[in-house]
Amino acid sequence: MPRRTRALIATTAAALLLGGLGTSTARADGSVTDLYVDNASTVCTDAGSGSQAAPYCSVQTAVDAALPGQTVHVLSNMNVDGDKPVVITHSGDPGKPITLDGVQNLPRSAMLHPSTGPALILSGAHDIVLHNLRLSSTDADALEISGSHSISVDNVWAVSQLTAPASSTASADAVVIDGASGSVTFERSVATAHSGTVVDVRSGATDVTIASDLFPSTSKTSVGGVHADGVNGIRLAGNTFSLECGYAVDVTGVSTGSIENTVIQDELPAASASNYCATPQATVGISVSPDSTAGVRSDYNAVQEGPTGTDYDWGGTTYTSSSAFSAATGQGSHDLDQFPFVSGTPAEHSPLIDSGDQNAPGEASTDRMGNARIDDPLVPNTGTGAGYVDRGAFEFQDPYSLSVASNLSQGPAPLKVTATAVESNPWNVKAAFSFDFGDGGAAVQSSSPTATYTYTRAGSSKYGIAVTATLPDGSQHSPWPPAEVSVLPPGPLSAYVNPVNEDHTATGFSLEVASPWPITSQYLDFGDHSGVQLPVNSGYVPPHVYPKPGPYTATLTVTDQGGRRTTATCEVVVGTSFVGLAPHRVLDTRSGTGAPKRKAGPGSVLRLKIAGVDGIPTSGVAAVTMNVTDTNASAASWIAAYPDGVARPTASNLNFLAGQTNPNEVTVAVGADGYVDLYNANGNVDILADVQGYYTATPSGSSPISGLFTPTAPTRVLDTRKGTGAPARAVGPNSSITVSVGDLLPADATAVVVSVTATSATADSWVAAYPSTGARPTASNLNFQAGQTTSNQVVVPVDSSRQIRLYNQAGRTALIADVEGYFSPNGAWYVPVGPMRLVDTRYGIGEKWPLPANATLPVYVKGQHGIPWTATAAVVNITGTQATATTWLAASGNTNTPNASVLNLSPGQTRPVLATSPIDGDWGAVEIYNSRGEVAVIADLEGYYAR
């Protein structure tokens with residue numbers, strides 16, 4: 001194996017000394033024992049005494065001032081010594097060394113890293129201790145010991161780095177001990193070199209101990225681990241090597257000493273050194289030259305090189321197994337060559353445990369981490385002496401560990417708590433326990449892992465319960481973090497639950513629960529015959545999907561550890577949103593559209609398919625809005641619209657006499673099968689239906705929800721009789737009129753709800769309502785006869801023009817339009833409920849008197865039939881009958897005299913109209929106003945809007 005030569009290290013030290021370190025530094029006061037270096041301090045000075053109150057700024061100043069028996073504590077060294085090494089030339093005395101000590105828990109406190117040259121040089125010094133230091137150099141040795149003796153290096157990190165490891169040809173060692181040095185101990189340390197050798201002991205050195213050290217993997221350019229050349233008394237004991245390139249231990253020249261209890265393993269067992277390392281070379285575990293074999297003892301090692309490496313090179317002969325090595329040389333009779341890879345402390349039951357030589361020369365009393373040698377009762381003792389020294393730098397310790405738990409996390413004062421130390425104790429040792437409950441009281445001593453304590457007062461913060469377990473060997477274990485308990489003032493158990501709307505049918509819930517006791521149970525009943533048991537610390541319930549639109553009452557039931565229970569409720573309204581469509585005809589019994597081509601007979605039910613027809617989805621349709629018209633009736637009758645599959649209600653949607661043509665908008669729930677039923681009471685009649693849109697309970701994916709309703713006070717935007725919104729003249733045949741609605745709607749409105757009235761018509765005709773920039777539909781919104789005053793509610797999509805158009809098909813007629821509300825992304829959800837009769841003044845339902853002139857009839861909605869108080873508007877089918885004078889009716893959310901009508905009546909006439917009205921906030925009612933005479937009023941609720 002090639003050897004490299006170097007000039008004596010003394011040359012380097014001498015050059016540095018001659019280069020200006022000088023000899024005039026003041027020495028410290030011999031009466032003190034501790035000097036301090038802290039260049040982070042604002043009061044540090046190199047002209048002072050190095051006290052803790054006035055520390056030195058540089059390490060060099062401190063070591064120059066130090067006297068035998070003194071310790072230099074490096075509290076902070078932010079590279080003040082800068083571009084040159086720290087050189088120690090002063091010496092201690094036997095039994096009174098000069099100690100350079102860092103702070104163990106602050107690994108960068110004693111970092112020496114000059115810009116050039118070694119980090120630390122000992123030159124001609126003796127009785128020196130280096131402890132807890134971090135030495136780092138670039139393209140130079142990290143630590144050089146020259147002409148020095150009685151040197152102890154303990155818990156030091158020594159790292160020699162390269163400027164460019166991949167290409168640099170520089171060679172530097174981590175630690176160099178020159179041939180003029182002796183009695184040097186390098187133990188419990190870590191060293192690595194990116195080039196050269198990790199520890200290089202030069203020819204002539206004597207009495208060098210390297211023990212309990214870790215030599216981790218280096219780099220492609222490293223030469224090897226420990227090299228001892230012509231050393232009298234080189235002792236390696238209990239080290240761990242995990243190198244990739246070169247040798248682990250290389251003893252050459254005429255050397256004497258021992259190699260014991262050492263673990264050597266290749267970091268790259270699957271790769272060959274020739275294709276990884278910068279300099280092709282075989283990886284060797286232990287190499288001893290022929291001229292050193294007689295003076296070196298090797299045993300109790302664990303050597304495991306990779307498949308391309310060599311475990312031993314002894315006297316020029318290589319061996320790839322411990323058995324072959326022992327048989328040929330008589331050395332290594334207790335060696336191991338098969339063991340699990342270990343990067344630090346071995347695992348339980350490893351063959352490295354309790355198998356070393358306790359009497360190995362140089363063996364340290366503690367391991368790399370300062371842990372004492374300890375007997376593992378689960379592993380047989382196969383080593384010498386007491387038989388429980390582990391091989392390598394790390395002694396496997398008692399794996400005892402514990403955590404602490406309390407039976408209560410919180411509660412009211414006074415609070416009795418039981419704390420338990422939960423042990424992991426595979427060695428089955430008996431521990432003694434001390435429990436500190438964190439409130440300033442005396443710790444509770446216990447021979448068992450359980451202690452009980454009573455807190456007498458509430459705390460402003462949590463109390464931490466700390467436990468300390470003391471083992472028979474004197475070691476102590478404390479878990480982190482400690483258990484915590486909140487001791488609170490006495491108080492009630494309270495609970496609140498609130499809905500958090502997520503989309504059409506899914507509702508989440510936020511919970512607020514408070515109690516000084518821990519909560520033991522939380523159950524939320526969704527109000528639809530389902531519920532969920534919640535984690536006790538839950539403050540939010542993900543959205544729950546309700547089976548159908550409607551009001552629900554969710555109930556939260558909470559129990560605490562104090563045995564108390566309480567409930568909290570909240571109302572949930574699951575609604576739908578409106579999707580407007582261009583008006584199109586889905587039913588016409590005259591032509592056979594949507595049903596057979598024949599009139600509906602007396603007592604008959606016409607099933608009309610809605611879901612999946614003309615742009616309406618096949619599923620998720622909760623309700624449909626359509627204009628239903630009766631015509632060619634043979635007798636006075638009425639029509640009821642209701643969901644298919646349910647019992648027919650007593651409420652009606654259209655009331656008509658023989659020979660009349662009457663339209664009415666209907667918003668009706670759709671049956672589960674997608675059909676709506678139309679029932680005709682008497683005679684034969686043709687029925688027409690034109691769809692204007694539908695309500696869906698299915699989220700629209702990434703599209704924003706826009707069909708939420710906001711009611712407005714009825715506002716007249718058109719009256720061609722008076723010139724309101726248009727010239728004061730009737731609308732002629734096959735002509736249209738434009739109506740502006742933009743001033744009443746927000747910018748994001750998608751549709752407007754309008755009551756349209758035709759009066760003073762000169763011919764039978766119909767009116768269609770549509771956006772002013774769109775094509776006129778073929779379907780009608782309002783059908784009427786000559787001389788008839790007819791009203792109907794319509795829903796018209798809103799486009800960028802912010803205008804709607806009303807088309808008259810025949811004759812001349814006056815037109816009136818009143819805005820009742822609009823749809824947008826910000827409004828209320830629709831919940832279909834009916835039809836449900838709320839008022840019939842003929843029979844005393846709601847009221848039992850005809851509505852007189854200039855009077856208002858309240859139709860109570862909120863709180864009736866399960867309708868929540870969060871409802872903002874109601875969809876009501878209003879029928880007027882038995883009028884004693886020509887009159888008009890209005891629907892609004894207050895008792896003020898309105899200026900817009902929803903229904904116009906002549907004496908003796910029976911007429912229905914669908915109205916969408918705000919609900920009075922104080923009384924929860926829709927107010928129906930009558931202008932003249934007396935009139936019987938019927939009100940059927942078809943649905944409501946709620947937030």
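Okay, Pro414: it's in the loop that runs between strand 30 (410-412) and strand 31 (415-424). When I say strand, I mean a DSSP run of E with at least two residues, and a helix is a run of H or I with at least four, both numbered from the N terminus. The peptide bond leading into Pro414 from Ala413 is cis, with omega near -5°.

Before I go on, two bits of housekeeping. This is a predicted model, where local features need pLDDT of at least 70 and side-chain atom pairs count only at pLDDT 80 or more, while totals for chains, interfaces and linings use all residues. Residues are numbered from 1 along each chain as its sequence is written, and side-chain values use heavy atoms, with hydrogens and water left out.

Right, back to prolines. Going from Trp480 to Pro481 you hit another cis peptide bond, this one with omega near 0°. Pro481 is in a loop as well, between strand 36 (476-477) and strand 37 (483-488).

While we're on the backbone, let's look at positive phi. Ser183 isn't a glycine, yet its phi is positive, about 50°. You'll find Ser183 in strand 13, residues 182-187. Is Ser183 partly exposed or buried? Its relative accessibility is 32%, so it counts as partly exposed. The cut-offs there: buried is under 20% relative accessible area, exposed is over 50%, and partly exposed is in between, using a 1.4 Å probe and protein chains only.

Asp354 is another non-glycine with positive phi, about 55°. Asp354 sits in the loop between helix 4 (322-329) and strand 29 (401-406). That one counts as buried because its relative accessibility is 0%.

Now the aromatics. How many aromatic pairs does a search of the whole structure find? It turns up 25. For a pair, the ring centres of Phe, Tyr or Trp (its six-membered ring) have to lie within 6.5 Å; planes under 30 degrees apart are stacked, over 60 edge-to-face, and the rest tilted.

Take Phe709 and Phe823: they make a tilted pair, 5.3 Å centre to centre with 55° between the planes. Phe709 belongs to strand 53 (residues 708-719) and Phe823 to strand 60 (residues 814-824), so this pair ties together parts that are 114 residues apart in sequence. Both Phe709 and Phe823 are buried.

Phe823 also pairs with Tyr945, this time edge-to-face, at 6.3 Å centre to centre and 65° between the planes. That pair links distant parts of the chain too, with Phe823 in strand 60 and Tyr945 in strand 68 (residues 936-946), 122 residues apart. As for accessibility, Phe823 has a relative accessible area of 1%, and Tyr945 is buried at 2%.

Somewhere else to zoom in: Phe433, Phe435, Phe437, Tyr453, Tyr455 and Tyr463 are joined into a cluster by ring pairs.

There are arginines over rings as well. I'm using "over" when NZ of Lys or CZ of Arg is within 6 Å of the ring centre and within 35 degrees of the ring normal. The charged end of Arg607 is over the ring of Tyr675, 4.1 Å from its centre. Likewise, Arg776 lies over the face of Tyr807, 4.0 Å from the ring centre.

One last stop, Val59, which is in helix 2 (residues 59-65). Val59 is buried, with a relative accessible area of 1%. From Val59 to Gly563 you have 504 residues in sequence and 66 Å in space, C-alpha to C-alpha.
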